[in-house]
Amino acid sequence: MKNTDILVKLLIADIENKTILEVACGAADFSVSASACSDSVYCIDLDDRRLNGKLREKLHFQIMDASKMDYADNTFDTVILYNAFFHIQSQWIDIERECKRVLKAGGVIYIVGTWKLDVHIMMDVFGDKAKWRDQFLIVELREIENGAGASGSVGSLPWGKRIV
């Protein structure tokens, strides 16, 4: 079983029958695995060189800067960054704001790492919010559910696992 299939099983409650966004998707391996059980998966990256014909039904790719997404507010149930934090770390504040903007109320953002490059940086940035689950280091950013939506001023959102 591929790592991304194992990860989908770990996160199934936030993937099954949901609309997913994978940010900085690279080869879109996670997106391909998630497309088997989600309503639809959108994946974005700065280029499409690594996709190699992987696009299929329920999987939508766009070349897009994650710090300036074209998606409407409250579009996705779940946003994931899989083995991508090393590549986007210098833009994380802007990307985090955009991920929260496009996330539906009650949604979740997952930052997942398995590579040493990602894992070490994630531990430095997120500290004890980064938890090991099987072979994955996972940071879960979930809105505290108090009726507040994910739109509006990001700085005032009541996020349970807030990092800065």
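The largest pocket of this predicted model holds about 440 Å³ of space. Its lining consists of 26 residues, and those closest to the centre of the pocket are Ala24, Cys25, Gly26, Asp45 and His87. Four elements, β1 (19–23), α2 (29–34), β2 (40–45) and α3 (85–88), each contribute at least two residues to this lining. Sorted by class, the lining of the largest pocket comprises 15 nonpolar, 7 charged and 4 polar residues.

Gly26, one of the residues closest to the centre of the pocket, is situated in the loop between β1 and α2. Gly26 is counted as buried because its relative accessibility is 11%, below the 20% limit for that class. Asp45, also among the residues closest to the pocket centre, is 19 residues from Gly26 in sequence, and the two C-alpha atoms are 6.3 Å apart. The loop between β1 and α2 also contains Ala28. With a relative accessible area of 0%, Ala28 is buried. The phi angle of Ala28 is positive, near 65°, although this residue is not a glycine. Most residues other than glycine have a negative phi.

A positive phi is likewise found at Asn83, at about 50°, and this residue is not a glycine either. Asn83 belongs to the loop between β4 and α3. Its relative accessibility of 6% places Asn83 in the buried class. Helix α2, which supplies at least two residues of the pocket lining, includes Ser33. Ser33 has a relative accessible area of 7% and is therefore buried. Apart from neighbours within four places in sequence, the contacts of Ser33 are with Lys2, Thr4, Asp5 and Val8.

The chain as a whole contains 5 helices and 7 strands. Along the sequence these elements occur in the order α-β-α-β-β-β-α-α-β-α-β-β. Of the 164 residues in the chain, 49% are buried. Among contacts with a separation of 6 or more, 58% join residues 24 or more positions apart. The chain has an accessible surface of about 7,900 Å², and carbon and sulfur atoms account for 49% of that area.

Attention now turns to the interior. In soluble globular proteins, nonpolar side chains tend to be buried together. The largest nonpolar core in the model has 29 residues, of which Leu21, Val23, Met69, Val79, Trp92 and Ile111 touch the most other members. At least two residues of this core come from each of β1, β4 (76–82), α3, α4 (92–102), β5, α5 (116–126) and β7 (136–142). A second core, separate from this one, has 22 residues, including Phe30, Val41, Ile80 and Tyr110.

Ile111, one of the core residues that touch the most other members, is part of strand β5, which spans residues 103–113. Its relative accessibility is 0%, so Ile111 counts as buried. When residues up to four places away in sequence are set aside, Ile111 touches Leu81, Phe85, Trp92, Met122, Phe126, Leu137, Ile138, Val139 and Leu141. Met122 follows Ile111 by 11 residues along the chain, and their C-alpha atoms are separated by 8.4 Å.

Met122 and Phe126 are both among the buried residues of α5, together with Asp118, Val119 and Ile121. These buried residues of α5 pack against α3, α4, β5, β6 (130–133) and β7. After α5 comes Gly127, with a positive phi near 55°.

Helix α4 is mostly covered, with 8 of its 11 residues buried. The buried residues of α4 are Trp92, Ile95, Glu96, Glu98, Cys99, Lys100, Arg101 and Val102. Elements that cover the buried residues of α4 include β1, β4, α3, β5, α5 and β7. Trp92 of α4 is thus buried, touches Ile111 and is, like Ile111, one of the residues with the most contacts to other members of the largest core.

Definitions and conventions. Residues numbered from 1 in each chain as written. Predicted model: local features only at pLDDT ≥ 70, side-chain atom pairs only at ≥ 80, totals over all residues. Heavy atoms only, no water. Buried < 20%, exposed > 50% of the residue type's maximum accessible area, 1.4 Å probe, protein only. Contact = heavy atoms within 4.5 Å. Areas by Shrake-Rupley, 256 points an atom, 1.4 Å probe, with all protein chains shown as cover. 1 Å grid on protein atoms, 1.4 Å probe; cavity = no way out; pocket = protein on both sides within 12 Å on 5 of 7 lines; lining within 4 Å. Points joined across faces, edges and corners; volume = space filled by probe spheres on them. Nonpolar A, V, L, I, M, F, W, Y, C, P; charged D, E, K, R; others polar. Core = buried A, V, L, I, M, F, W, Y, C linked by side-chain atoms within 4.5 Å.
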